[in-house]
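Work through the exercises below with the sequence and coordinates at hand. Each task is followed by a worked solution.

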Amino acid sequence: MRENVMSDTIVPGRWARFRDSYLLYSFKRDLIAQISLVIFALLIFAAVFAPWLAPANPYDLAQIDILASELPPFWIDGADPAYLMGTDAQGRDLLSTILYGARVSLIIGFGAVLMQAVIGVSFGLMAGYLGGRVDAFLMRLADIQLSFSTLMVAIIVGALVKAIFGGATFSEYAVPLLVLIIGLAEWPQYARTVRASVLAERSKEYVDAARVMGLKSRRIMFRHILPNTLSPIFVISTVQVANAIISEAALSFLGLGMPETHPSLGSLIKSGFDYIQSGSWWITLIPGAVLVILVLVINLLGDWLRDVLNPRLYKG
Amino acid sequence: MIAFLIKRLFHAFLVMFVISVISFAIQDNLGDPIQQMVGQSVPESERAELREELGLNDPFFVQYLRFAKNAAQFDFGYSYIFNEPTTQVIMRHLPATLELVAATTLLIVLLSVPIGVYSAIKPRAWLSRAFMGISIVGISIPVFLTAIVLIQLFAIGVEVTPFPVDTVWGAWLNDLLSTDGGMPAYGRGNPVNVFGTWDTNFSSLEGLTYLVLPAISLASIMLPLFIRLIRAEMLEVLQSEYVKFARAKGISLRRIYFVHALKNTMLPVITVGGVQIGTLVAYTILTETVFQWPGMGLMFLDAIERSDIPLIVTYLMIVGLIFVITNTLVDLIYGLVNPTVKLTGKPA
Amino acid sequence: MALLEVNNLDVRFALRGGDVRALRDVCFTLDRGERLGIVGESGAGKSVAAFSLLNLIAKPGYIAGGSIIFDGKELSGMKDRGLRRVRGNRISMIFQDPMMTLNPVLSIGEQMVECLKAHRRISTREARAIALHKLNQVQIPSPETRLDQYPHELSGGMRQRVIIAIALLLDPDIIIADEPTTALDVTIQAEIMDLLLELCDKHNVGLVLITHDLGVVSQVTQRMLVMYAGRVIEQGPTREIINDPQHPYTQGLINALPQMATPGSRLNQIPGSMPSLSNLPSGCAFHPRCGFVKDANGTPRKACLDKVPGFVESGNCRVACHMVAEMINQQERDSREEIL
């Protein structure tokens with residue numbers, strides 16, 4: 001009891017520590033980071049509350065008016081004020097499909113990063129801590145996968161999964177399958193970074209101390225080493241979310257991702273691309289602009305975080 | 001030198017082995033050659049006979065050995081779509097992709113080195129900041145979107161009239177903001193046959209115009225990465241003791257930047273960058289799709305769509321081979337450039 | 001007039017929270033062929049002093065004031081072009097870690113020839129001949145083959161010999177050696193130091209020797225500076241300072257030498273550690289560690305806590321200490337009283 005009182009008086013609360021932290025200090029001085037965070041928050045808000053914000057439900061076939069197809073956005077002659085951003089080739093309200101599409105893109109982006117992190121962090125910890133053959137095998141695997149480029153691996157795995165399940169089933173379970181595909185394709189980034197920081201941490205004295213005290217290696221890994229590798233994990237996670245969203249868009253653009261009936265930003269761009277020659281550029285370029293802004297603000301926040309936390313990142 | 005080569009070759013062989021096992025597993029599980037050969041109407045008993053005859057009932061290992069033996073002779077069977085040997089199909093599509101990658105690599109190398117070096121030497125100049133800003137935007141735009149925007153701007157053309165059309169200055173400003181379009185953005189025109197199945201776009205100005213938009217879009221993904229990489233490495237090298245010592249020797253800044261610093265900067269860039277050039281092949285799938293560039297990427301996507309398993313497998317093997325070759329070449333070049341790496345295989 | 005004259009040198013680092021003063025009020029002179037030692041703990045500003053002489057401090061550091069007059073010319077405000085003619089040519093430097101100082105991708109010959117060519121209009125052949133001659137002087141075995149070797153093919157001691165050869169290439173007037181033997185194996189430290197001293201003597205080169213090793217300074221230099229937290233706290237003829245140190249810090253340093261301890265007992269040490277430059281204590285920067293803060297009555301001297309001490313002359317030395325100043329005043333008063 002007395003100890004609790006003591007620690008309360010000496011150690012400032014979480015909020016107070018955050019308030020005085022360098023993180024917040026540098027955030028307050030960085031206009032680009034502030035703007036990026038605001039835009040990112042707005043996009044997240046719009047995506048989460050899409051069903052309430054969107055004027056129409058693009059998944060509801062009854063709401064679609066095929067006669068109102070390819071209407072331009074409001075600032076161009078011939079626009080219908082009912083459709084602020086115009087309509088796509090099937091007559092769906094573009095603003096609504098973008099809101100729902102951003103929602104799908106973000107769900108897959110975060111889900112895939114979670115998947116990569118789980119695979120990559122555990123493999124990285126194993127490789128770094130166990131060393132020897134496990135290390136050699138996992139890192140060679142990571143090497144091969146990276147030399148193939150994550151996009152290539154995602155396309156191949158995507159193609160195989162689609163071939164195994166067939167187009168219809170694939171479309172039905174597209175979200176979890178894409179999370180799995182992108183997760184499998186991009187785990188090496190995490191594994192290498194975590195392994196590098198584990199190797200650096202492992203040589204430090206506190207790990208020796210923990211081992212001398214007779215702690216089990218798994219306990220040492222998760223209670224002692226992992227917390228110290230958090231800052232590089234945090235930094236690459238932001239970049240990886242951006243990458244995952246781009247990967248999903250690329251897969252969807254190639255027809256290996258979200259179906260057009262349940263579009264993500266990538267499949268919206270793909271479906272609009274067929275109409276760009278006929279002059280209906282907005283169907284593809286407006287979702288494209290939203291995608292770029294989303295990825296850009298995440299990348300800018302990631303850049304800012306890397307400058308502030310300055311972790312030891314795996315180079316190359 | 002020989003030991004180094006042998007080590008590299010062994011590594012390359014190992015990677016090819018892994019890729020071939022994966023490829024074979026795909027073929028074994030997804031492709032049914034009987035179905036392709038005889039169609040639906042043949043009775044089950046005949047199929048079983050044929051299966052036995054073709055050795056499809058042999059153990060996995062035996063079948064893999066047969067696959068590997070054929071693969072070593074570049075024999076991967078027949079493509080379902082084209083009804084000809086898959087290697088022949090690949091060879092027909094290979095030149096288009098390689099030319100696209102070559103043009104892109106040229107763009108990247110010519111632009112990234114000067115820009116990266118400049119923004120490291122003058123990190124606070126407005127131009128460096130502009131380069132950094134543009135490069136992070138560049139990283140954030142997917143290749144296919146860059147391609148689409150380029151098509152809209154330079155193939156279709158954009159006409160905007162924010163200024164009054166009836167005045168001379170207004171028309172001039174409108175003209176300045178609008179783009180003409182007219183750049184080719186579909187296929188590769190009429191490439192000239194050089195030898196065998198190699199058609200080239202490099203032999204005429206007209207051929208080159210077909211390369212412009214696809215190469216720029218493909219470069220757009222790697223160029224920012226290279227600029228940032230070169231800048232970061234160069235900044236680090238400029239902080240080093242040997243650069244300080246060179247300054248203390250009274251050497252000119254130009255020599256310090258371009259002899260002392262650049263050489264050390266390029267070492268990590270060669271390793272990381274060389275591998276990235278290999279991965280460009282992956283991005284050709286996207287670029288070729290947008291521009292209908294008749295290369296391997298477009299062919300691969302077609303093969304996936306129509307479940308042409310032998311062609312998919314061949315593509316994987318060939319692309320794997322390309323990656324392995326570029327990685328090995330990169331290691332060799334690195335060894336030749338870096339005096340601390342002895343090509344004898346022993347660490348110095 | 002001395003060959004090199006440094007007056008009130010003031011170096012600062014422009015950091016986000018404001019300027020940090022890395023060096024202040026540094027004054028000294030150096031004559032041709034003279035040896036000057038600069039001693040202090042790491043972080044005392046010795047290296048900053050060395051680098052600022054040739055205006056080589058990295059950003060955000062800058063020279064905020066004072067003058068550096070070399071051979072009648074002011075160096076502190078000089079343009080890079082003019083400075084380049086001095087660097088490596090008339091004043092050259094030897095760095096601490098020979099493993100980091102040579103460029104790993106350029107051959108030894110290239111790194112020597114470029115230095116010669118930067119200062120003299122000569123052909124590569126002539127330059128190589130001079131380089132070979134200098135490599136001979138630093139007693140490197142088979143110097144011809146060394147020219148075409150790369151740094152990683154040489155041991156640390158060999159590399160430091162190469163660096164000494166580079167420093168001597170253009171027969172400079174002054175060599176600034178920043179801890180030239182610290183990073184080397186103990187067994188060859190003396191060898192390299194002897195070589196450096198011998199060559200400086202032979203060519204009548206002035207030497208600024210920067211080190212934390214009071215023993216070396218006491219043996220080889222004629223005059224010395226003791227630095228603490230960016231300031232010189234005592235300077236003068238080496239022998240006088242070693243024999244009769246005035247400043248409590250210098251006394252502490254000398255007492256901490258192993259040969260000063262009684263055999264079998266613990267080494268003497270100065271309690272505490274040097275403060276960081278961005279967070280200096282008030283008054284005399286040394287007062288939290290000083291054993292003489294309290295005066296005869298046992299109360300802390302107010303001046304030590306509040307006022308940065310100025311220099312007082314004590315014999316041939318200059319000392320920045322309130323206690324020493326007090327003592328000198330007392331002596332003067334005493335002697336005046338005697339006369340009266």
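pLDDT is the predictor's confidence in each residue, from 0 to 100. Two residues are in contact if their C-beta atoms, placed from the backbone, lie within 7 Å. The model is predicted.

**Exercise 1. Confidence in chain A**

Find where confidence in chain A is lowest and where it is highest.

Solution.
1. Start with the whole chain: the mean pLDDT of chain A is 80, with 89% of its residues at 70 or more.
2. Go down to the helices. The lowest confidence in chain A is in helix α1 (residues 2-10), with a mean of 43. The highest is in helix α4 (residues 31-48) of chain A, at 91.
3. Check the contacts of the weak segment. Residues 1-10 of chain A stay under 50 in pLDDT, and the model gives them zero contacts beyond four places in sequence.

**Exercise 2. The side of chain B that touches chain A**

Describe which elements and residue classes make up the side of chain B that touches chain A.

Solution.
1. Count the residues: 33 of chain B are in contact with 34 of chain A.
2. Assign them to elements. In chain B, α1 (2-30), α6 (126-140), α7 (143-156), α11 (253-291), α12 (296-305) and α13 (309-337) each contribute at least two residues to this side.
3. Rank the elements: α11(B) gives the most, eleven residues.
4. Sort by class: this side of chain B has 25 nonpolar residues, eight polar and no charged.

**Exercise 3. The side of chain C that touches chain B**

Repeat the analysis for the side of chain C that touches chain B.

Solution.
1. Here 24 residues of chain C are in contact with 19 residues of chain B.
2. The elements of chain C that each supply at least two residues are α2 (80-86), β6 (91-94), α3 (98-101) and α4 (108-119).
3. The largest share, four residues, comes from α4(C).
4. By class, this side of chain C divides into twelve nonpolar, seven polar and five charged residues.

**Exercise 4. The overall form of chain C**

Why does the radius of gyration of chain C agree with that of a compact globule?

Solution.
1. List the secondary structure: chain C has 13 helices and twelve strands.
2. Compare radii. A compact globule of 340 residues would have a radius of gyration near 20 Å, and chain C has 22 Å, so the two agree.
3. Add the extents: the C-alpha trace of chain C spans about 75 × 50 × 45 Å along its principal axes.
4. Look at burial and contacts. Of the 340 residues of chain C, 43% count as buried. Among contacts in chain C with a separation of 6 or more, 63% join residues 24 or more positions apart.
5. Locate the domains. The domain assignment of chain C gives domain 1 (100-169) and domain 2 (244-339), and the C-alpha centres of these two domains of chain C are 46 Å apart.

Technical notes
Residues are numbered from 1 along each chain as its sequence is written. Chains are lettered from A and ligands numbered from 1 in the order in which they are written. This is a predicted model: local features need pLDDT of at least 70, side-chain atom pairs count only at pLDDT 80 or more; totals for chains, interfaces and linings use all residues. Ala, Val, Leu, Ile, Met, Phe, Trp, Tyr, Cys and Pro count as nonpolar, Asp, Glu, Lys and Arg as charged, and the others, Gly among them, as polar. The radius of gyration is taken over C-alpha atoms; the globule rule is 2.2 Å times the number of residues to the power 0.38. A residue is buried if 20 or more other C-beta atoms lie within 10 Å of its own, exposed if 12 or fewer, and partly exposed in between; C-beta atoms are placed from the backbone. Domain bounds come from an automatic or database domain assignment.
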